[in-house]
Amino acid sequence: MPVAAEHSTLTLTLWIVVGLLVLAVIAAIVGRYLIRRGLREPFVVRMINRASDRVVDIVKKPLTVAMLDEVVAVLAVGHYTRNIASALEENRDELKEMIAEKIKQDPTAGRINYVPFHDRLIAEASETTMRVIMEVLADPRTDELINDLLRDNLAQIRRAVREGEDREGRK
C-alpha cells in the first residue's frame, strides 16, 4: 500500500515541518559549535538555516492572521462593560475614597473646603459619580460602543497585518 494512502496530507505536511524544524535545530547547534571552534559554518548547515528561515517566514504571516481571526471571534462575543462594572463594584469603597481625594486636590474644587459640611458634599459627589458610572456601564449603548471600538480597531489591525503580508509578497 502506498504511503500517501495511509497518511493524510495534513499528517505528511506536519511530519515534513517537524523534520525541517529538527534539522534546523541540529544545524543551529552544529553551526554554533563550529563557530565557537573558529571554523566556518559548513555549506549544508548554511543551507538548512536558510531553508528554515524561509519556512518560518512563509508560515509566520498565515499563522498571525489565523490567530488574529480567532482573537476577533472571541472578542466579538464578550461583554466588557459588565466586566468593568464588576471590577468597579468590587473596588467601590477604594474608588469612592480616590474620587473624594481627587476632588479635594482639584484646584477649581478647592474652594469647596470653605463650605460647611464639605466632607459630606464630597462624599455625596463621590457616591453619585460611582452610581452614574455604574448606570452608564449597565446601559446597552455602552456595550455597543465598546463592541464597535473593538471591531473597528481589530479590523484596522487585521488590515495592517494583511497589508504587511501583501508587501512581503510583492518584494
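Here is a short set of notes to help you find your way around this predicted model.

1. **The overall fold.** A good place to start is the secondary structure: the protein chain has seven helices and zero strands. Going along the sequence, you will meet the pattern α-α-α-α-α-α-α.

2. **Surface and interior.** The protein chain is made of 171 residues, and 18% of them count as buried. About 13,300 Å² of the chain is exposed, with carbon and sulfur atoms supplying 63% of that area. As for contacts between residues at least 6 apart in sequence, 65% join residues at least 24 apart.

3. **A buried serine.** Now have a look at helix 6, which covers residues 118-138 and includes serine 126. Is serine 126 buried or exposed? Its relative accessibility is 1%, so serine 126 counts as buried. Leaving aside residues up to four places away in sequence, serine 126 touches Lys96, Ile99, Ala100 and Ile103.

4. **Salt bridges in general.** Side chains of opposite charge can pair when their charged atoms come close. In this structure there are nine salt bridges, and the next points walk you through some of them.

5. **A link between two helices.** Aspartate 119 and lysine 104 form a salt bridge, and their closest N and O atoms are 3.3 Å apart. What does this pair tie together? Aspartate 119 belongs to helix 6 and lysine 104 to helix 5, so the pair connects parts that are 15 residues apart in sequence. Aspartate 119 has a relative accessible area of 44%, which makes it partly exposed. Lysine 104 is partly exposed too, at 39%.

6. **A pair within helix 6.** Staying in helix 6, you can find a salt bridge between the side chains of arginine 120 and glutamate 124, at 3.0 Å from N to O. These two residues are four residues apart in the helix, so about one helical turn separates them. Arginine 120 is exposed, with a relative accessible area of 54%, whereas glutamate 124 is partly exposed at 37%.

7. **A pair within helix 7.** Helix 7 spans residues 140-170 and holds both aspartate 148 and arginine 151. The side chains of aspartate 148 and arginine 151 meet in a salt bridge, with 2.9 Å from N to O. Here the spacing is three residues, so the partners are again separated by about one helical turn. Aspartate 148 is partly exposed, with a relative accessible area of 26%. Arginine 151 is partly exposed as well, and its value is 48%.

8. **A salt-bridge network.** Some charged residues are joined in a wider arrangement. Which residues are linked in a network of salt bridges? They are Glu89, Arg92, Lys96, Glu127 and Arg131. You have already met Lys96 as one of the residues that serine 126 touches.

9. **A patch of negative charge.** Finally, turn to the surface, where Asp93, Glu94, Glu97 and Glu101 gather in a patch of negative charge. One of these residues, glutamate 101, lies in helix 5, which runs over residues 92-105. Glutamate 101 has a relative accessibility of 42% and therefore counts as partly exposed.

Conventions
Residues are numbered from 1 along each chain as its sequence is written. This is a predicted model: local features need pLDDT of at least 70, side-chain atom pairs count only at pLDDT 80 or more; totals for chains, interfaces and linings use all residues. Side-chain values use heavy atoms; hydrogens and water are left out. Patches are made of residues with over 30% relative accessible area and no salt bridge: like charges are joined within 9 Å, nonpolar side chains (Val, Leu, Ile, Met, Phe, Trp, Tyr) within 5 Å. Accessible areas come from the Shrake-Rupley method with a 1.4 Å probe; for residues, only the protein chains shown count as cover. A salt bridge is a side-chain nitrogen of Lys or Arg within 4 Å of a carboxyl oxygen of Asp or Glu. Lys and Arg count as positive and Asp and Glu as negative; His and the chain ends are not counted. The place of a charge is taken as NZ of Lys, CZ of Arg, CG of Asp or CD of Glu. Buried means under 20% relative accessible area, exposed over 50%, partly exposed in between (1.4 Å probe, protein chains only). Contact means heavy atoms within 4.5 Å.
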